[in-house]
Amino acid sequence: MDSNSSRGKRASLQPLRAAGRQRVEELLEAASDLMAERGYEATTMAEIAARAGAKIGSLYRFFPNKEAVADALVQRHIAILEDEYEALAKRAATLSPDGLADVLIELLVTLHPRVKSLSALMEARTDRMEIRDRARGHAIAGIAAALRVCAPGLDEALVRDIAAVVLNTMKVLRSMLAKDAPTTSGAPDELRRMHRLYLRDRLQPFQLVPDSITDAEP
């Protein structure tokens, strides 16, 4: 699928009313479900409309073709990633290294249902590398921002390295839980423990010491 193939044709309709926006969300959710289950190529516009409980004319009213649906889904998924990582960075100030480790390692697991068709979409697009790099870039930047908040003394090069390690650990956990990677019943918990130990070791030396501790008598 070429992401530019719909250019020169009617653009997707951006509804102004709440009812229209809700209908678009329902159509995109149905499309995401189907593409995650069957892949982009096997999914049809008629199936998307049926899954959403909508008439086919309603789908074509908002999206001129399946490529336009896919474009909207990619933008939707990237926006979700941006919002989640921005929220994570704000929350990091209240977390210990162990707490941040737990939140981070579960993040892809909780995010996956909301961006479930992203992998299928990337496989079908000619700009898959660009989309993958955008998604990975948002993830690395978001994790790095949370690490900086939790441990402000981290060197910039080191924080990016740690963020890359964390992202790959998150992916392994999601694969384990989805049974896509070799695992046992207790392996996910062992991975979580390993992740806590790793972040504790890397972050604690760079955390700010509260004034109450610094000013205390030896």
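Start with the whole chain in cartoon view: from the N terminus on, the elements run α-α-α-α-α-α-α-α-α-α. That is ten helices and zero strands, and keep in mind that you are looking at a predicted model. Colour by accessibility and you'll find that buried residues make up 43% of the 218 residues in the chain. Switch on a surface and about 11900 Å² is exposed, with carbon and sulfur atoms supplying 53% of it. If you like contact maps, take the contacts with a separation of 6 or more: residues 24 or more positions apart account for 71% of them.

**Stop one: helix 4**

Select residues 66–91, which form helix 4, and pick out Leu73 within that range. Is Leu73 buried or exposed? Its relative accessibility is 0%, so Leu73 counts as buried, the cut-off being under 20%. Now show what surrounds Leu73: leaving out residues up to four places away in sequence, it touches Leu28, Ala31, Ser32, Met35, Ser117 and Leu121. Draw a C-alpha to C-alpha distance from Leu73 to Ser117 and you should get 8.1 Å, although the two are 44 residues apart in sequence.

Stay on helix 4 and move along to His77. This histidine is buried too, because the relative accessible area of His77 is 0%. Which residues does His77 contact, once neighbours within four places in sequence are set aside? Select Ser32, Arg114, Val115, Ser117, Leu118 and Leu121 to see them. For another long jump in sequence, go from His77 to Ala135: they sit 58 residues apart along the chain, with C-alpha atoms 8.8 Å apart in space.

**Stop two: helix 4 against helix 5**

Two packed helices are described by the angle between their axes and the distance between the axes. Bring up helix 5, residues 97–111, next to helix 4. Their axes come within 12 Å and cross at roughly 165 degrees. Angles over 145 degrees count as roughly antiparallel, so that label applies to helix 4 and helix 5. The crossing itself is right-handed.

For the side chains, show Ile80, Leu81, Glu84, Tyr85, Leu88 and Arg91 on helix 4, which meet Leu100, Val103, Leu104, Leu107, Leu108 and Leu111 on helix 5. By class, this contact has ten nonpolar residues, no polar ones and two charged ones.

**Stop three: helix 5 against helix 8**

Keep helix 5 on screen and add helix 8, residues 156–177. Here the axes are 8 Å apart and the packing angle is about 50 degrees. That angle makes helix 5 oblique to helix 8. Once again you have a right-handed crossing, this time between helix 5 and helix 8.

Which residues make the contact? On helix 5, select Leu104, Ile105, Glu106, Leu107, Leu108 and Val109; on helix 8, select Val166, Leu167, Thr169, Met170, Lys171, Leu173, Arg174 and Leu177. Colour them by class and you get ten nonpolar, one polar and three charged residues.

**Last stop: the loop after helix 8**

Follow the chain out of helix 8 into the loop that leads to helix 9 (187–203), and click on Lys179. What is the phi of Lys179? It is near 65 degrees, a positive value in a residue other than glycine. Lys179 is also exposed, because its relative accessible area is 63% and the cut-off is over 50%.

How values were computed. Residues numbered from 1 in each chain as written. Predicted model: local features only at pLDDT ≥ 70, side-chain atom pairs only at ≥ 80, totals over all residues. Heavy atoms only, no water. Helix = DSSP H or I, 4+ residues; strand = E, 2+ residues; numbered from the N terminus. Buried < 20%, exposed > 50% of the residue type's maximum accessible area, 1.4 Å probe, protein only. Axes fitted to C-alpha atoms, helices over the stretch in contact; angles between N-to-C directions. Parallel < 35°, antiparallel > 145°, perpendicular 65-115°, else oblique. Left-handed = near helix turned anticlockwise from the far one by under 90°. Contact = heavy atoms within 4.5 Å. Nonpolar A, V, L, I, M, F, W, Y, C, P; charged D, E, K, R; others polar. Areas by Shrake-Rupley, 256 points an atom, 1.4 Å probe, with all protein chains shown as cover.
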